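Trainee: Before I use any of these labels at the bench, I would like to hear how each of them is justified. Could we go through them one at a time?

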Amino acid sequence: MNKGIRNCQVCGQPFEVVLICRGRPRVYCSADCKQYASLLTWLEDKTAAINFTDERRKAIRGELWRIANRLNRGKHESQNTEI
């Protein structure tokens, strides 16, 4: 079987794929990454379907920034250990 390496579309980690197979080629390295991508699509669809008040829109932006800051915190911690 021919195998190759791809990078996961969610986390960017490399993973092995079978190059000659039926169906769509894998784009996620794990079930967690696949579920995360699905969750983001679902969240985007639901967010577009709701008419938020300005107050709730601001609160949701704050919640999303909190999540983004948590991702950045992990990034900075790994960078500090390499120094």
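Mentor: Let us begin with the salt bridge, which here is a side-chain nitrogen of Lys or Arg within 4 Å of a carboxyl oxygen of Asp or Glu. Please keep in mind that this is a predicted model, in which local features need pLDDT of at least 70 and side-chain atom pairs count only at pLDDT 80 or more, whereas totals for chains, interfaces and linings use all residues. Residues are numbered from 1 along each chain as its sequence is written, and side-chain values use heavy atoms, with hydrogens and water left out.

Trainee: What makes the contact of the side chains of E16 and K3 a salt bridge?

Mentor: The N to O distance between the side chains of E16 and K3 is 3.5 Å, and the limit is 4 Å, so the pair qualifies as a salt bridge. The pair links distant parts of the chain, with E16 in strand β2 (residues 14-18) and K3 in strand β1 (residues 3-7), 13 residues apart. Helices and strands here are DSSP runs numbered from the N terminus, with H or I over at least four residues for a helix and E over at least two for a strand.

Trainee: How many salt bridges does the structure hold, and what separates R57 and D54 along helix α2?

Mentor: There are two salt bridges in the structure. The side chains of R57 and D54 form one of them at 2.8 Å, N to O, and because these residues are three apart in helix α2 (residues 54-82), about one helical turn separates them.

Trainee: Why is D54 called exposed, while R57 is called partly exposed?

Mentor: Buried means under 20% relative accessible area, exposed means over 50%, and partly exposed is what lies in between, with a 1.4 Å probe and protein chains only. D54 has 62% relative accessibility and therefore counts as exposed, whereas R57, with 33%, is partly exposed. E16, at 46%, also counts as partly exposed, and so does V18 at 28%.

Trainee: How do you know that β1 and β2 pair?

Mentor: Two strands pair if DSSP finds at least two bridges between them, and β1 and β2 have five bridges, in the antiparallel sense. For G4, the bridge partner in β2 is V17, and N7 stands opposite P14 in β2. The two strands form a hairpin with six residues between them, and G12 in the turn has a positive phi of about 85°.

Trainee: Which residues make up the covered and the uncovered face of β2?

Mentor: F15 and V17 form the covered face of β2, and P14, E16 and V18 the uncovered one. In a regular strand the side chains alternate between the two faces of the sheet. V18 and K3 are 15 residues apart in sequence, yet their C-alpha atoms are 4.5 Å apart in space.

Trainee: Which residues are in contact with E16 once its neighbours within four places in sequence are left aside?

Mentor: Contact means heavy atoms within 4.5 Å, and E16 is in contact with K3, G4, I5 and R26. E16 and R26 are 10 residues apart in sequence and 9.3 Å apart in space, C-alpha to C-alpha.

Trainee: Why is the sulfur of C33 not counted as bonded to that of C8?

Mentor: A disulfide is a covalent bond between the sulfur atoms of two cysteines. The criterion applied here is a pair of cysteine sulfur atoms within 2.5 Å, and the sulfur of C33 is 3.7 Å from the closest cysteine sulfur, in C8, which is too far for a bond. The structure therefore holds zero disulfides. Both cysteines are buried, C8 with a relative accessible area of 5% and C33 at 10%.

Trainee: What is the overall pattern of the protein along the sequence, and which element has the lowest mean pLDDT?

Mentor: The protein has two helices and two strands, following the pattern β-β-α-α along the sequence. The pLDDT is the predictor's confidence in each residue, from 0 to 100. The protein averages 87, and 86% of the residues score at least 70. Among the elements, α2 has the lowest mean at 81, and helix α1 (residues 31-49) the highest at 95. Of the 83 residues, 7% count as buried.
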